[in-house]
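Biologist: Could you take a close look at the salt bridges in this model for me? I would like to know which parts of the chain they join and how exposed the partners are.

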Amino acid sequence: MTVRLLSHIDVPPAHRPAFAAAGVTLYLAPRADPNGPLWPDGPLRPVPATAAQGPVEDEVFDAAAIDVLLTIGSLGISAQEMDKLPALRLICCLGVGYERVDLAAAAARGIRVTHGRGTNDTSVADHAMALMLALVRDIAPLDRAVRCGQWQQSRRLRPQLSGKRVGILGLGTSGANIAERCARGFAMEVGYHNRRPKADCAYHYCSSATALAQWCEILVIATPGGAATRHLVDEGVLTALGAEGFLVNIARGSVVDTAALIAALQAQAIAGAALDVIEGEPQVPPALLAQDNVLITPHVAACSPQAMTAMYRQMLENLACHLNGQPLLTPVAAGE
């Protein structure tokens, strides 16, 4: 059975043979803007499994024949867009996020949804620690100063990470991995906030994001995106974090009120921020770029070879389960 899959992410050539081996005809339509078209104007032909195979000239793209959509949480798909793919039966989100997928519309159509739970949390946690260390120790500004010949002028006292209080906003798989690195690697005291306390968890629980920010010295955002967490970190949370507090976000840009963050950075109401995600990315507000006390990476926390391999493997395993009428490995249900 041939499965026709439309991908809104650019599947690396190294992973394309696995799609062909699974009987998938792959159409690539990379989509940087969630409000952009589902597929480009003009011809869109299947992608060859290998470069040696050469261009594929048959089986021109037909939206009405697409069975599967491959996307990411920050792109997703709306109900109106699903209507343009009448044969769609499976939506696969590469990575853990699915916040822009209209789950209710998918359920109403009988479209199953999967995500990449557990595939990239190690990579994300590693990147969170890299951002945390670089921010607290002022690594990027010090590097720039040395390159400008300011060796002696740039030498100054910076806080040490060890022994600090770190607050994890969202103690899921990524949050738990970050917490473990902080506790075991740096002897940090760990606190967290979830909608409810986790059973058998020794970390300090705070009943709200504001309480967590008030308790900790470094606040790490690891919560899912979506309407439920939009602007969860607002002016009040940043005020509670305080002038010596640091903010790290490896989750979703929408969780932070960007205007409030810019105001806090400008007023030095917090010590600094390290962000792998930005609200409205890839556009970054100039006022945010102008701040010396902010460090930004381009949403790459999950971008390790190991994580990418795990994400594609799990996605294809979910596809196989779907085709064989078996339960999905990592389903997402309406209402989640």
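Modeller: Happy to; here is a walk through three of the pairs. This is a predicted model, so local features need pLDDT of at least 70 and side-chain atom pairs count only at pLDDT 80 or more, while totals for chains, interfaces and linings use all residues. Residues are numbered from 1 along each chain as its sequence is written, and side-chain values use heavy atoms, with hydrogens and water left out.

Searching the whole structure gives ten salt bridges (a side-chain nitrogen of Lys or Arg within 4 Å of a carboxyl oxygen of Asp or Glu). One of them joins aspartate 83 to arginine 109, at 4.0 Å from N to O. Aspartate 83 sits in the loop between helix H2 (79-82) and strand E4 (90-93), and arginine 109 in helix H3 (residues 103-109), so this contact ties together parts 26 residues apart in sequence. Helices (H or I, at least four residues) and strands (E, at least two) are DSSP runs, numbered from the N terminus. Aspartate 83 is exposed at 58% relative accessible area, whereas arginine 109 is partly exposed at 26%; buried means under 20%, exposed over 50%, and partly exposed in between (1.4 Å probe, protein chains only).

Next, arginine 181 meets aspartate 126 at 3.0 Å, N to O. This pair links distant parts of the chain, helix H7 (residues 173-186) and helix H4 (residues 121-136), with the two residues 55 apart. Arginine 181 is partly exposed at 22%, and aspartate 126 is partly exposed at 41%.

Helix H7 also holds both arginine 184 and glutamate 180, four residues apart, about one turn of the helix. Their closest N and O atoms are 3.0 Å apart in a salt bridge. Here arginine 184 is exposed at 69%, and glutamate 180 partly exposed at 35%.
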